[in-house]
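User: Could you take a close look at one part of this model for me, and walk outward from there into what surrounds it? I'd like one connected picture rather than a list.

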Amino acid sequence: NKRRRRAYIGNLRPRSNLTQSIYNDLIQAHCLQVKNYPEGDGIIVGQPKTHQKVSSAYALVEFVDVDYAIQVLNGVQFDGRTLRVSREKTNLGSSSGGGGFGGKKGGSFGSSRWAGDDDRQQHHQQHNQRRKNPQSSSSSAQQITGPAVQSSS
């Protein structure tokens with residue numbers, strides 16, 4: 001089961017037909033190739049909640065050459081916004097590095113409430129590294145986490 005390599009395209013302006021527009025006006029305009037599109041889920045558009053006054057959408061795109069696509073598209077102006085393009089983060093539960101808040105149970109232990117504390121910040125990064133490795137069981141990772149992070153529910 002080969003893990004799919006996709007690029008994350010952030011800071012998109014939410015609107016109707018966004019998927020079509022991304023494909024026609026962004027991907028084809030830069031001569032990039034996408035797998036599994038239009039048949040399949042080569043382009044997935046998501047609309048996150050609005051944190052600030054400005055809402056933005058994001059897309060996960062399965063490019064034939066992900067690294068090249070990131071080089072070409074990162075920082076490009078599209079719909080009047082500067083796009084942020086990077087590799088899709090594969091550790092589920094913490095989609096953006098700083099966003100441990102929210103009511104999702106079992107999301108990320110040790111959310112960013114303690115982000116100001118350097119020791120714990122480092123620990124959080126090590127913890128995320130550990131979570132990227134599917135072999136390590138979550139129970140052992142939880143024990144290593146230590147008492148400060150256990151949530152009282």
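Analyst: Let's start with a polar contact: the N11 side chain reaches the backbone oxygen of T82, at 2.8 Å. Keep in mind that this is a predicted model, so every distance here is computed from predicted coordinates. N11 sits in strand β1. Its relative accessibility comes out at 19%, and with the cut-off for buried at under 20%, N11 counts as buried. Leaving aside residues up to four places away in sequence, N11 touches S56, A57, R81, T82, L83 and R84. So what else does β1 bring to this spot?

One step back along the chain there's G10, also in strand β1. G10 is buried, with a relative accessible area of 0%. Beyond the residues up to four places away in sequence, its contacts are A57, Y58, L83 and R84. Take A57: G10 and A57 are 47 residues apart in sequence, yet their C-alpha atoms are 6.6 Å apart in space.

On to L12, whose contact list takes in L18, I22, S55, S56, A57, Y58, A59, F78, R81 and L83, again not counting residues up to four places away in sequence. L12 is also one of the residues with the most contacts inside the largest nonpolar core, along with I9, I27 and F63. That core has 24 residues. Two or more of them come from each of β1, α1, β3 and α2 (66–73), and α1 gives the most, with 5 residues.

Now for the sheet around β1. It's an open sheet of 4 strands in the order β2-β3-β1-β6, with antiparallel pairing. The edge strands are β2 and β6 (84–87), each of which pairs on one side only. Ignoring direction, neighbouring strands are turned by 20° against each other on average. β1 and β3 run antiparallel and are joined by 4 bridges; within that pairing, Y8 stands opposite L60 in β3. On the other side of β3, β2 pairs with β3 in the antiparallel sense, also over 4 bridges, and I43 has V61 in β3 as its bridge partner. As for β3 itself, 4 of its 5 residues are buried, so this strand is largely enclosed by the rest of the structure.

Two helices pack on this sheet. α1 touches β1, β2 and β3, and its direction makes about 120° with that of β2. α2 touches β1 and β6, and makes about 160° with the direction of β6. β1 is touched by α1 and by α2, so the strand we started from is in contact with each of these helices.

Last, the rings. A pair of aromatic rings is described by the distance of the centres and the angle of the planes. Searching the whole structure turns up 2 aromatic pairs. In the pair Y8 and Y58, the ring centres are 5.7 Å apart and the planes are at 25°, so this pair is stacked; the cut-off for stacked is planes under 30 degrees apart. Y8 belongs to strand β1 (residues 7–12) and Y58 to strand β3 (residues 57–61), so the pair links distant parts of the chain, 50 residues apart. How accessible are these two tyrosines? Y8 has 29% relative accessibility and counts as partly exposed, and Y58, at 27%, counts as partly exposed too.

The other pair, Y23 and Y37, is tilted, with 4.7 Å centre to centre and 45° between the planes. Y23 lies in helix α1 (residues 18–27), whereas Y37 is in the loop between α1 and β2 (43–46), so this pair ties together parts that are 14 residues apart in sequence. Y23 and Y37 are both buried.

Putting it back together around the starting point: N11 is in β1 and reaches the T82 backbone oxygen, β1 is joined to β3 by 4 bridges, and the stacked Y8 and Y58 rings link those strands as well.

Technical notes: Residues are numbered from 1 along each chain as its sequence is written. This is a predicted model: local features need pLDDT of at least 70, side-chain atom pairs count only at pLDDT 80 or more; totals for chains, interfaces and linings use all residues. Side-chain values use heavy atoms; hydrogens and water are left out. Rings of Phe, Tyr and Trp (its six-membered ring) pair if their centres lie within 6.5 Å; planes under 30 degrees apart count as stacked, over 60 as edge-to-face and the rest as tilted. Buried means under 20% relative accessible area, exposed over 50%, partly exposed in between (1.4 Å probe, protein chains only). A polar contact is a pair of N or O atoms within 3.5 Å; within protein, one must be able to donate a hydrogen and the other to accept it, and residues adjacent in sequence count only if both atoms are side-chain atoms. Contact means heavy atoms within 4.5 Å. A nonpolar core is a set of buried Ala, Val, Leu, Ile, Met, Phe, Trp, Tyr and Cys residues joined through side-chain atoms within 4.5 Å. Two strands pair if DSSP finds at least two bridges between them. Axes are lines fitted to C-alpha atoms, for helices over the stretch in contact, and angles run from 0 to 180 degrees between N-to-C directions.
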